[in-house]
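User: I have just opened this model and would like to understand the words used to describe it. Could you walk me through them?

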Amino acid sequence: MHKEYPASYSPVDDRDDTKLLGSNTETRPLLKPRLIRSSQWISHGVLMSITMIFFILWIRAPSIDDVVMYSPANEAIESIGIVRLNGTLGTPSIYTGSPSPELDAIWDRLTWDARTVRLTAEQLLRIGEKPSPVMVRYPEEYGGGYMVAVEFIHQLHCTDMLRRVSWGDRSPGHGVYEPPEEFRVHLDHCIELLRQVIMCRGEVTMITYDWVEGVKDPFPNFNIPHRCRNFEKAWDWVVEHQVPISKSELVRLEDNEDLPSFP
């Protein structure tokens, strides 16, 4: 944009400054334009470099979804990348089918007795919990520490319970039958917990629909990809760290207290 001047004035860029100054006045050369332009480019380059460094650091910084809450089992987390799940109706699986001792044994391997492990007081603080006299601790002869379980085992227990109910088995497992009202509370607890987990994770993988011969309405294709972890590696970690103790040996210690109601 050109600079505008008032009507009563005019530019004087082309005047001869030597005529306006006395002949004895010393004149100094102006800073060379090339040097000015060079310094401007250097400053611009430095600013661009700083901006790029901060941008790269921001890109590489983990998002809130990438941050994994502390667990000693984190060392067993191993991504196996994108896996396409098998959701075709009627596909056989070792985890499905009519009740049998063999099928129950497969599920028992995953869920029986919760396969509890140990946390130290320091680890307990790192998971966001504070030591409390109501918390169950292992006896010193078993190494002490706080009794904990890995969450996926309880989620699998709830899934197994729904499996049993779908076949008319009114027990939470291993032939242990609860009074009807207690069983209903137990079952609702599992349904509600699985509901919360599903909504908490909010999977957004897309399910396409197909036309299938003999089927009137569009049918969903449940064979969809998911980012998966190595389950066997996590499972092996639990087995390796499981504390082998019977329920009869899990007793209240002298400084333990009782909660007035369920947590």
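User: Which residues does Ile106 touch, not counting residues up to four places away in sequence?

Analyst: Ile106 touches Ile94 and Tyr95, where contact means heavy atoms within 4.5 Å. Before we go on: this is a predicted model, in which local features need pLDDT of at least 70 and side-chain atom pairs count only at pLDDT 80 or more, while totals for chains, interfaces and linings use all residues. Residues are numbered from 1 along each chain as its sequence is written, and side-chain values use heavy atoms, leaving out hydrogens and water.

User: Where does Ile106 lie, and what separates the C-alpha atoms of Ile106 and Ile94?

Analyst: Ile106 lies in helix 3. Ile94 is 12 residues away from Ile106 along the chain, and their C-alpha atoms are separated by 7.7 Å. Helices (H or I, at least four residues) and strands (E, at least two) are DSSP runs, numbered from the N terminus.

User: Why is Ile106 called partly exposed?

Analyst: Its relative accessible area is 27%. Buried means under 20%, exposed means over 50%, and partly exposed is in between (1.4 Å probe, protein chains only). The value for Ile106 falls in between, so Ile106 is partly exposed.

User: What makes Arg115 count as buried, then?

Analyst: Arg115 has a relative accessibility of 19%, which is under the 20% limit, so this residue counts as buried. You will find Arg115 in the loop between helix 3 (101-111) and strand 2 (117-119). Arg115 also has a positive phi of about 45° although it is not a glycine.

User: And Pro133: how do you know that it is partly exposed?

Analyst: Pro133 has a relative accessible area of 33%, in between the two limits, so it is partly exposed. Pro133 sits in the loop between helix 4 (121-126) and strand 3 (146-148). Leaving aside neighbours within four places in sequence, Pro133 is in contact with Asp255, Asn256 and Glu257. Asn256 is 123 residues from Pro133 in sequence, yet 4.7 Å away in space, C-alpha to C-alpha.

User: Let's turn to helix pairs. Why is helix 3 called roughly antiparallel to helix 5?

Analyst: Helix 3 and helix 5 pack at an angle of about 155°, with their axes 9 Å apart. Axes are lines fitted to C-alpha atoms, for helices over the stretch in contact, and angles run from 0 to 180 degrees between N-to-C directions. Angles under 35 degrees count as roughly parallel, over 145 as roughly antiparallel, 65 to 115 as roughly perpendicular and the rest as oblique. The angle here is over 145, so helix 3 is roughly antiparallel to helix 5. Helix 3 contributes Leu103, Asp104, Trp107, Asp108, Leu110 and Thr111, and helix 5 contributes Ile153, Leu156, His157, Thr159, Asp160, Arg163 and Arg164.

User: What makes helix 5 oblique to helix 6?

Analyst: Helix 5 and helix 6 (residues 180-201) pack at about 125°, with their axes 10 Å apart. That angle fits none of the other three classes, so helix 5 is oblique to helix 6. The crossing of these two helices is left-handed, a term used if the near helix is turned anticlockwise from the far one by less than a right angle, with right-handed used if clockwise. Among the helix 5 residues in this contact are Met161, Leu162 and Val165, while helix 6 offers residues including Leu187, Ile191 and Arg201.

User: And how do you know that helix 5 and helix 7 are roughly perpendicular?

Analyst: The axes of helix 5 (residues 151-166) and helix 7 (residues 231-241) come within 10 Å and cross at roughly 105°. This lies in the 65 to 115 range, so the two are roughly perpendicular. Phe152, Ile153 and Leu156 of helix 5 meet Phe231, Ala234, Trp235 and Val238 of helix 7. The residues of this contact divide into seven nonpolar, no polar and no charged; Ala, Val, Leu, Ile, Met, Phe, Trp, Tyr, Cys and Pro count as nonpolar, Asp, Glu, Lys and Arg as charged, and the others, Gly among them, as polar.

User: How many helices and strands are in the chain, and what share of its residues is buried?

Analyst: The chain has seven helices and six strands, and buried residues make up 19% of its 263 residues.
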